[in-house]
Amino acid sequence: LREVATARDATPAQIALAWLLSRKPWIAPIPGTTKLHRLEENLGAVGITLTAEELHRIDDALSRLRVHGDRYPPALAARVGR
């Protein structure tokens, strides 16, 4: 994300949100923040249209990530029935 962000003069957060927005038309990311400058940063993602090559690079990098560990700590897992 950093490489794409640097090339696009954007932040990694903006690229991540732009990637989410490019996935499906019904996906609506709702990033939370209490800071105005972060809200403005997040809104900047709307103006970024990623190229097919950029999307491929991001998807390729994501495919190599391995997720480890449980989704919830034990106390929260018990609350959601898992």
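Glu3 and Arg57 are joined by a salt bridge in which the closest N and O atoms are 2.8 Å apart. This pair ties together distant parts of the chain, since Glu3 belongs to helix α1 (residues 2-8) and Arg57 to helix α4 (residues 52-63), with the two positions 54 residues apart in the numbering. The model in front of the reader is a predicted one, and the values that follow should be read with that in mind. Glu3 is exposed, with a relative accessible area of 59%, whereas Arg57 is partly exposed at 33%.

The structure holds five salt bridges, and another of them also reaches across the chain. The side chains of Arg23 and Asp59 meet at 3.3 Å, N to O, in a salt bridge; Arg23 sits in helix α2 (residues 12-23) and Asp59 in helix α4, so that the pair links distant parts of the chain that are 36 residues apart. Both partners are partly exposed, Arg23 with a relative accessible area of 35% and Asp59 with one of 29%. Helix α4 thus provides a partner to helix α1 through Arg57 and a partner to helix α2 through Asp59.

Arg57 and Glu3 appear again in the lining of the largest pocket, which is made up of Leu1, Arg2, Glu3, Val4, Ala16, Trp19, Arg57, Ile58, Ala61, Leu62 and Leu65. The volume of this pocket is about 240 Å³. Helices α1, α2 and α4 each supply at least two residues of the lining, and α4 gives the most, with four residues. By residue character, the lining divides into eight nonpolar, no polar and three charged residues, and Glu3 and Arg57, the partners of the salt bridge described at the start, are both found in this lining.

Helix α3 (residues 36-43) brings a salt bridge of a more local kind. Arg38 pairs with Glu41, the closest N and O atoms being 2.6 Å apart, and the two residues both lie in helix α3, three residues apart, which is about one turn of the helix. The partners fall into separate classes of accessibility: Arg38 counts as partly exposed at 41%, while Glu41 is buried, with a relative accessible area of 13%. Because the cut-off for a buried residue is a relative accessible area under 20%, the value of 13% places Glu41 in that class.

Glu41 is also met from helix α2, where Gln14 is found. A polar atom of the Gln14 side chain lies 2.9 Å from the backbone oxygen of Glu41, and Gln14 itself counts as buried, at 13% relative accessibility. Leaving aside neighbours within four places in sequence, Gln14 is in contact with Glu41, Gly44, Ala45 and Ile48. Asn42, which has its place in helix α3, is likewise buried, with a relative accessible area of 15%. When residues up to four places away in sequence are not counted, Asn42 touches Leu17, Pro31 and Thr33.

The loop between α1 and α2 contributes a further contact to Glu41. Thr11 lies in this loop and, residues up to four places away in sequence not being counted, touches Ala5 and Glu41. Thr11 is partly exposed, with a relative accessible area of 26%. The C-alpha atoms of Thr11 and Ala45 are 8.9 Å apart in space, although the two residues are separated by 34 residues in sequence; Ala45 is also one of the residues in contact with Gln14.

What kind of phi does Asp9 have? Asp9, found in the loop between α1 and α2, has a positive phi of about 55° although it is not a glycine. Most residues other than glycine have a negative phi. Asp9 is exposed, with a relative accessible area of 75%.

A last pair returns the reader to helix α4, in which Glu53 lies. At 56% relative accessibility, Glu53 counts as exposed. The C-alpha atoms of Glu53 and Pro74 are separated by 40 Å, the two residues being 21 residues apart along the chain.

How values were computed: Residues are numbered from 1 along each chain as its sequence is written. This is a predicted model: local features need pLDDT of at least 70, side-chain atom pairs count only at pLDDT 80 or more; totals for chains, interfaces and linings use all residues. Side-chain values use heavy atoms; hydrogens and water are left out. Buried means under 20% relative accessible area, exposed over 50%, partly exposed in between (1.4 Å probe, protein chains only). Contact means heavy atoms within 4.5 Å. A salt bridge is a side-chain nitrogen of Lys or Arg within 4 Å of a carboxyl oxygen of Asp or Glu. A polar contact is a pair of N or O atoms within 3.5 Å; within protein, one must be able to donate a hydrogen and the other to accept it, and residues adjacent in sequence count only if both atoms are side-chain atoms. On a 1 Å grid over the protein atoms alone, a cavity is a set of points where a 1.4 Å probe fits but cannot get out, and a pocket is an open set with protein on both sides within 12 Å along at least five of seven lines; lining residues have an atom within 4 Å of a point. Grid points are joined across faces, edges and corners, and a volume is the space filled by probe spheres set on the points. Ala, Val, Leu, Ile, Met, Phe, Trp, Tyr, Cys and Pro count as nonpolar, Asp, Glu, Lys and Arg as charged, and the others, Gly among them, as polar.
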